[in-house]
Amino acid sequence: MEPAVRVRDVVASSPITIDPEAPLETAVAVMLERRVRHLPVVDDKGGLVGIVTDRDLRSATFGPAITDYLPTTPRSGLLKLAIQPQ
């Protein structure tokens, strides 16, 4: 029986990272240029602060603009409306 592939076998040894103070536009540009969807965010000492994703960037960029168009009714209320007999 062959051993299972482990994370250490596929992990990037020199991941592309970004500084926490970088503008969002820089993160977008890096992701597009390097064709990645996730960037580890590291501090001056190389310590992991977090991970920023393409979804995070979309939410931060477009989220405020679309909130005017989102319904204010909670989903549970919508579900009740959807299953009520007519």
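Arg58 is partly exposed, at 44% relative accessibility. Its side chain meets that of Asp54 in a salt bridge, with 3.3 Å from N to O. The model shown here is predicted. A search of the whole structure finds one salt bridge. Side chains of opposite charge can pair when their charged atoms come close. Asp54 is partly exposed too, because its relative accessible area of 22% falls between the limits of 20% for buried and 50% for exposed. Both Asp54 and Arg58 belong to helix α3, residues 54-66. They sit four residues apart, about one turn of the helix.

Now step back to the whole chain. Its secondary structure comes to four helices and two strands. Along the sequence, these elements follow the pattern α-α-β-β-α-α. The chain has 86 residues, and buried residues make up 12% of them. Its accessible surface comes to about 7800 Å². Carbon and sulfur atoms account for 57% of that surface. Contacts over sequence distance can be put in figures as well. Take the contacts between residues at least 6 apart in sequence: 21% of these join residues at least 24 apart.

Turn next to strand β1, which covers residues 38-42. Val41 is found in this strand. Val41 counts as buried, because its relative accessibility is 12% and the limit for buried is under 20%. Which residues touch Val41, leaving aside its neighbours within four places in sequence? One group is Ile18, Asp19 and Pro20. The others are Gly47, Leu48, Val49, Gly50, Ile51 and Val52. Ile51 is ten residues from Val41 in sequence, yet their C-alpha atoms are 5.4 Å apart.

Pro40 lies in strand β1 as well. With neighbours within four places in sequence left aside, Pro40 is in contact with Pro15, Ile16, Thr17 and Ile18. Leu48, Gly50 and Ile51 complete the list for Pro40. Ile18 thus appears among the contacts of Pro40 and among those of Val41. From Pro40 to Thr53 the separation is 13 residues in sequence and 8.8 Å in space, C-alpha to C-alpha.

Thr53 lies in strand β2, residues 48-53. Is Thr53 buried or exposed? Thr53 counts as buried, because its relative accessibility is 17%, and under 20% is the mark for buried. Beyond its neighbours within four places in sequence, Thr53 is in contact with Met31, Arg37 and His38.

The loops come next. Arg35 has its place in the loop between α2 and β1. Arg35 has a positive phi of about 55°, although it is not a glycine. Arg35 counts as exposed because its relative accessibility reaches 79%, and exposed means over 50%.

Asp19 lies in another loop, the one between α1 (7-10) and α2 (24-34). Asp19 is partly exposed, with a relative accessible area of 36%. What kind of charge gathers in the surface patch that includes Asp19? The charge is negative, and the patch holds Asp19, Glu21, Asp43 and Asp44. Asp19 qualifies for this patch because its 36% passes the cut-off of over 30% relative accessible area. Asp19 also ties back to strand β1, as one of the residues in contact with Val41.

Notes: Residues are numbered from 1 along each chain as its sequence is written. This is a predicted model: local features need pLDDT of at least 70, side-chain atom pairs count only at pLDDT 80 or more; totals for chains, interfaces and linings use all residues. Side-chain values use heavy atoms; hydrogens and water are left out. Patches are made of residues with over 30% relative accessible area and no salt bridge: like charges are joined within 9 Å, nonpolar side chains (Val, Leu, Ile, Met, Phe, Trp, Tyr) within 5 Å. Accessible areas come from the Shrake-Rupley method with a 1.4 Å probe; for residues, only the protein chains shown count as cover. A salt bridge is a side-chain nitrogen of Lys or Arg within 4 Å of a carboxyl oxygen of Asp or Glu. Lys and Arg count as positive and Asp and Glu as negative; His and the chain ends are not counted. The place of a charge is taken as NZ of Lys, CZ of Arg, CG of Asp or CD of Glu. Buried means under 20% relative accessible area, exposed over 50%, partly exposed in between (1.4 Å probe, protein chains only). Contact means heavy atoms within 4.5 Å.
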